[in-house]
Amino acid sequence: MTATQNQAKNGGGRRPLEGIRVLDFTHAAAGPFATMYLADMGAEVIKVEKHGRGDGIRHVAEYYVSLNRNKKDICLDLALPEGRELARRIVAQCDIVVQNFRPGVMERLGLGFEELRKVRPGLIFCSISAFGPTGPWAERPANDISLQK
């Protein structure tokens, strides 16, 4: 199939998630990988990185660039009220929020689903965690490599 035929088949080249805006609070692997696919499919993904540090995988440049392709980037200090307020203002213009902090972190920051849906009714809120939101290991941090034993 030629590129022209492929574009015609896919509605003139329009990607399926064009017009969708995602606020990405993810880091490390699973979260950035998920939002990478959303960006690849046309969503406008705005990645939030920690002020003064960025994403913890920035030191592995190829990995970082690969997982964060097609994304916009903003640094916010979520420890400060001003940073959290700016995050809420951005959420008000988004369709989806994706985060992969340990369960309870977003709620402690005042950025959990219940709080954010007040500023953006209809918001889709995706939480990714190693062991799920409940249970004896819910609060444990982990990533792929720590689970491969």
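**Close-up 1. A salt bridge within helix 6 of the predicted model.** Because R117 and E114 stand 3 residues apart in helix 6, the two are separated by about one helical turn. In this predicted model, their side chains meet in a salt bridge, with an N to O distance of 3.0 Å. R117 is partly exposed, its relative accessible area being 40%, and E114 likewise counts as partly exposed, at 48% relative accessibility. Side chains of opposite charge can pair when their charged atoms come close.

**Close-up 2. A salt-bridge network that includes R15 and E18.** R14, R15 and E18 are joined into one network by salt bridges that share partners. Within this network, the side chains of R15 and E18 meet at 3.8 Å, taken from N to O. R15 is partly exposed, with a relative accessible area of 37%, and E18 is also partly exposed, with a value of 29%. A search of the whole structure finds 10 salt bridges.

**Close-up 3. The salt bridge between D95 and R120.** D95 forms a salt bridge with R120, and the closest N and O atoms of the two are 2.9 Å apart. The pair links distant parts of the chain, 25 residues apart, since D95 belongs to the loop between helix 4 and strand 4, whereas R120 belongs to the loop between helix 6 (113-119) and strand 5 (124-127). D95 counts as partly exposed at 23% relative accessibility, and R120 counts as partly exposed at 26%.

**Close-up 4. The largest nonpolar core and the surroundings of F25.** The largest nonpolar core holds 18 residues, of which L23, F25, L78, V97, L111 and L116 touch the most other members. At least two residues of this core are supplied by each of strand 1 (21-25), strand 2 (44-50), helix 4 (81-91) and helix 5 (105-108). Helix 4 gives the most to the core, namely 3 residues. When residues up to four places away in sequence are not counted, F25 touches V48, L78, A87, V97, V98, Q99, N100, F101 and M106. Apart from the largest core lies another, of 7 residues, among them V22, A39, I96 and V98.

**Close-up 5. N100 in the loop between strand 4 and helix 5.** N100 lies in the loop that runs between strand 4 (96-99) and helix 5. Is N100 buried or exposed? With a relative accessible area of 13%, N100 is buried, because this value falls under the 20% cut-off. The side chain of N100 reaches the backbone oxygen of H27 at a distance of 2.8 Å. Leaving aside neighbours within four places in sequence, N100 is in contact with F25, T26, H27, G31, P32 and I128.

**Close-up 6. A nonpolar patch at the surface, with M41 among its residues.** F33, Y37 and M41 make a nonpolar surface patch of about 290 Å². M41 is found in the loop between helix 2 (30-40) and strand 2. With a relative accessible area of 36%, M41 is partly exposed.

Methods. Residues numbered from 1 in each chain as written. Predicted model: local features only at pLDDT ≥ 70, side-chain atom pairs only at ≥ 80, totals over all residues. Heavy atoms only, no water. Core = buried A, V, L, I, M, F, W, Y, C linked by side-chain atoms within 4.5 Å. Buried < 20%, exposed > 50% of the residue type's maximum accessible area, 1.4 Å probe, protein only. Helix = DSSP H or I, 4+ residues; strand = E, 2+ residues; numbered from the N terminus. Contact = heavy atoms within 4.5 Å. Patch = residues over 30% accessible without salt bridge, like charges linked within 9 Å, V, L, I, M, F, W, Y side chains within 5 Å. Areas by Shrake-Rupley, 256 points an atom, 1.4 Å probe, with all protein chains shown as cover. Salt bridge = Lys/Arg side-chain N within 4 Å of Asp/Glu carboxyl O. Polar contact = N/O pair within 3.5 Å; in protein donor to acceptor, adjacent residues only side chain to side chain.
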